[in-house]
Amino acid sequence: GTPVVITASHRGEGTSRAYLPPEFPAVADLDVTNALVEAARESGFDWRVGIAFTRDAFYNQDQALNQLLTRAGVVAAEQEAALLFVVGSWRHVRVGAVVGTDSNILLDRQPTQSEKEAIYREGEKKVIGIALRAEQILAAKGI
């Protein structure tokens, strides 16, 4: 249930390559990211900020890559951020991301499906609140 504000993402999916070459970074807009960080700070929740691993083969685990990216500081794995950041750059649209976590693939004990669903619902409420507050912050700044 811990919210994570994503600053950039490792492009481990395939769709973003249809827009820009793989060497192009998948980076969030700084103003949107700063608003999300401010909103997360105000929320009173535990939260994280950092780089994500966007992957589209969700059920195919590459343990060596997971460990490498973890050592490099990646804080979350998800399925959309890299594509959103790349398309945002391509289309000149400000994009940011905040996601909720429901598990940690590096832990020995994994939550059951019912535990994951409860954690997901908790995280969903948190990130929706953070995103709505960030939008208010951006609007107040005229962004």
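Which element supplies the largest share of the lining of the largest pocket? I began with this and found that helix 4 does, with seven residues; helices (H or I, at least four residues) and strands (E, at least two) are DSSP runs, numbered from the N terminus.

I note that this is a predicted model, in which local features need pLDDT of at least 70 and side-chain atom pairs count only at pLDDT 80 or more, while totals for chains, interfaces and linings use all residues. Residues are numbered from 1 along each chain as its sequence is written, and side-chain values use heavy atoms, with hydrogens and water left out.

I then looked up the lining in full: 38 residues line the largest pocket, and A76, A77, T101, D102 and S103 are the closest to its centre. A pocket here is an open set of points on a 1 Å grid over the protein atoms alone, where a 1.4 Å probe fits, with protein on both sides within 12 Å along at least five of seven lines, and lining residues have an atom within 4 Å of a point. Among the elements that each supply at least two lining residues are strand 3 (48-55), helix 2 (63-71) and helix 4 (113-140).

Next I turned to P111, which I place in the loop between strand 5 and helix 4. P111 is buried, with a relative accessible area of 18%, where buried means under 20% (1.4 Å probe, protein chains only). Not counting residues up to four places away in sequence, P111 touches D102, S103, K116 and I119, contact meaning heavy atoms within 4.5 Å.

How values were computed. Buried means under 20% relative accessible area, exposed over 50%, partly exposed in between (1.4 Å probe, protein chains only).
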